[in-house]
Amino acid sequence: MTSSLSPVTETVTLVPDANWWRQATFYQIYPRSFADANGDGIGDLRGIITRVPYLRQLGVDAVWLSPFYPSALADGGYDVDDYRDVDPRIGTLAEFDEMVTALHEAGIRIMVDIVPNHSSDRHVWFQEALAAPAGSPARERYIFRDGAGADGELPPTDWQSIFGGPAWTRVPDGQWYLHLFAKEQPDFNWDNDEVRADFRTTLRFWSDRGVDGFRVDAAHGLVKDLTEPLPSAAQMSATNVPGRNRLFDRDEVHDIYADWRRVFDQYTPPRIAVAEAWTDTAERRARYASPEGLGQAFNFDLLQAGFDAVQFRRIITENLALAAASGSSTTWVLSNHDVVRHPTRYGLIAGSAPGEAAEAAEAVDTAIMQVGGREWLLAGGPEDQLDRARGIRRARAATLLELALPGSAYLYQGEELGLHEVSEIPDDARQDPAFFRNKGVEVGRDGCRVPLPWTRGGSSFGFGDAGAHLPQPAWFADVSVEAEEADPDSTLSLYRAALRLRRELESEESLEWIETGRDDVLHFRRPNGWESITNFGTAPAPLPAGRVVLASAPGVRDLRGELPGETTVWLTPEG
Ligand code: NOJ
Ligand code: CA
């Protein structure tokens, strides 16, 4: 955090600082759903440019831009046709440059998503591979194998893709290709030197355009051991040894990131990266965060936890220790484009234990969303399953706790409005492959990807002049930017105040726990005296001495020495 918040019109000069990311607040933009400037129902780069003053007023340090590349959108843009271009429906390279300049002049850095595990099936290399014969160099850039069975009519293995259905798809000449995700997302062969060289070129391409860093998609998947005989899915899970799994988190993947680090370090300041890496243990995840590798890794532990003080404390302590050991800073995430938004998770009545949601879903003929081994029940209409007010109250408390922690915080667009998950999406409007490949059993991730409401009314609540590519619910009016800007108690006002204070109160990267005598109350102090205390329970708790600088609960004016339930308060030393 090298720039302090200045009036929204003044141009900021970003000071080159190799450590700018360590405690930065990142704001994730899912570009198709952020703001639509040309009125075709799809968010675009021009829309982002027009909202730079909004981002600046919000007080974020950096934007992470989800894929904006040419794509058939089989997986919301994570199926990339061309890594060095902009989807014409979203903008042009010239507009990309303009956006980078506008963000930088507002003191906001930019990180782009890079998707190295797989391309789209429309990528020129995959098209070449399809046109070329088995065993050709063009096929070597992907993972093609002959099938099993007398005529190769069966897939090489029984492996399932992450979105459901087989992980192999057959091509007309009879071979099969591997795709860990949708069939439109063929996996690259990272043993291939051309693949390695091409990604280095892509990293330089965006770095040369002023991009400050990269979010690395499925960073744990690139290197695979496909030595014959290939094991079955059951054999693989029975013999799993961290680091030696055939498909994920193999030790050799770090050679790739060491190579990328050499590219990053050629820039001033060095380009940064954060890994999306799902590993068996938190220790193995920390390897991706090494300064010789990507430098930072997402820690999704809070996102998978309930609103529970014991879990929060354990997760915070563990991740701060891991970050210190790896030399990185940790990352906190409560929501992103892949999960049910946190106000909804915290307000859902059912669905906390695996299995429980599935049973309930069957009973009421509804659908479930799976997040990290847990299931969340999503009803046709939210009201019967959801205590909305409680969900928001808890989400605000969790967010304020998150923003007081050492390390960087990754926010997801719309969470500053306290948006709930949108569950009212008809089946025929859904887009997520997880919905289709699971035949609707999982509703998928569209509910957190609905275009943002900027105004109370209008054809798409100010998102654009036309409609929105996913339907917006009527309740968006009251949680629009326009509605919340006018309300000092709104979630938007809370985020703005919190982010302003977070800059002012910036402290060294550690904390000290203060015992509260209650299992459901967490209290910690940062080295500069800034304190955060959260009551996860419902019974009020005593409020410690200090000057209250912010409280998460709406409408709280005078606390009278008491910390209400499901509330976080920030304190600074008296005097
Ligand atoms: C993780 C991304 O966050 C998700 O949206 C995507 O579907 C998969 N990786 C595959 O690229
Ligand atoms: Ca548009």
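This passage walks through a predicted model, moving from its paired strands to a calcium site, some unusual backbone spots and the internal cavities.

A good place to begin is strand 2, which covers residues 62–65. On one side of this strand lie Ala 62 and Trp 64, on the other Val 63 and Leu 65, and all four are buried, so both faces of the strand are covered. Such a two-sided pattern fits a general rule: side chains in a regular strand alternate between the two faces of the sheet. Strand 2 has a parallel partner in strand 1 (residues 25–29), with four bridges between them. It is also joined by four bridges to strand 3 (residues 109–114), and these two strands run parallel as well. Trp 64 helps to place both pairings: Gln 28 stands opposite this tryptophan, and Trp 64 in turn stands opposite Met 111 in strand 3. The route from strand 2 to strand 3 includes helix 3 (residues 93–105), and together the three elements make a right-handed β-α-β unit.

Strand 1 also leads to strand 13 (residues 408–412), through four bridges in a parallel arrangement. Within this pairing, Phe 26 has Tyr 410 as its bridge partner. Strand 13 pairs in the parallel sense with strand 10 (residues 331–333) too, over three bridges, and here Thr 331 stands opposite Ser 408. How many of the residues of strand 13 are buried? The count is five of five. Ser 408, Tyr 410 and Tyr 412 belong to one side, while Ala 409 and Leu 411 belong to the other, and both faces are covered.

Elsewhere, three strands form an open sheet with antiparallel pairing, in the order 4-6-5. Strand 4 (144–145) and strand 5 (168–170) stand at its edges; each has a single partner strand, so one side of each is left without a neighbour in the sheet. Strand 5 meets strand 6 (residues 176–178) over three bridges in the antiparallel sense, and Arg 170 stands opposite Trp 176 in this pairing.

The next stop is a metal site. Which residues coordinate the calcium ion (ligand 2)? The donors are Asp 36 (OD), Asn 38 (OD1), Asp 40 (OD), Ile 42 (O) and Asp 44 (OD), at 2.3 Å. Along the sequence these donor residues follow the spacing D-x1-N-x1-D-x1-I-x1-D. Asp 36 has a relative accessible area of 5% and Asp 44 one of 3%. Because buried means under 20% relative accessible area, Asp 36 counts as buried, and so does Asp 44.

Several points along the backbone also deserve a look. Most residues other than glycine have a negative phi, and most peptide bonds are trans. Against that background, the bond that joins Glu 228 and Pro 229 is cis, with omega at about 0 degrees. Pro 229 is found in the loop between strand 7 (213–216) and helix 7 (233–238). Another cis peptide bond runs from Thr 268 to Pro 269, with omega near -10 degrees, and Pro 269 is found in the loop between helix 8 (253–264) and strand 8 (272–275).

Positive phi values turn up at two residues described here. Asp 249, which is not a glycine, has a phi of about 50 degrees; this residue sits in the loop between helix 7 and helix 8. Arg 560 is not a glycine either and has a positive phi of about 45 degrees, in the loop between strand 18 (547–551) and strand 19 (562–563). Are these residues buried or exposed? Asp 249 counts as buried, at 4% relative accessibility, whereas Arg 560 counts as exposed, at 72%.

Finally, the interior holds some empty space. Six cavities of 30 Å³ or more are found in a search of the whole structure, and the largest has a volume of about 110 Å³. Its lining is made of 15 residues, and the closest to its centre are Arg 285, Ala 286, Ala 289, Ala 297 and Thr 330. Helix 9 (282–286), strand 9 (295–297) and helix 11 (309–326) are the elements that give two or more residues to this lining. Helix 11 provides the largest share, with four residues. By type, the lining of the largest cavity divides into six nonpolar residues, eight polar ones and one charged.

Notes. Residues numbered from 1 in each chain as written. Chains lettered and ligands numbered in written order. Predicted model: local features only at pLDDT ≥ 70, side-chain atom pairs only at ≥ 80, totals over all residues. Heavy atoms only, no water. 1 Å grid on protein atoms, 1.4 Å probe; cavity = no way out; pocket = protein on both sides within 12 Å on 5 of 7 lines; lining within 4 Å. Points joined across faces, edges and corners; volume = space filled by probe spheres on them. Nonpolar A, V, L, I, M, F, W, Y, C, P; charged D, E, K, R; others polar. Donors = N, O, S within 2.8 Å, 3.2 Å for Na, K, Ca; no water. Buried < 20%, exposed > 50% of the residue type's maximum accessible area, 1.4 Å probe, protein only. Pairing = 2+ DSSP bridges. Right-handed = clockwise from strand over helix to strand, strands pointing away.
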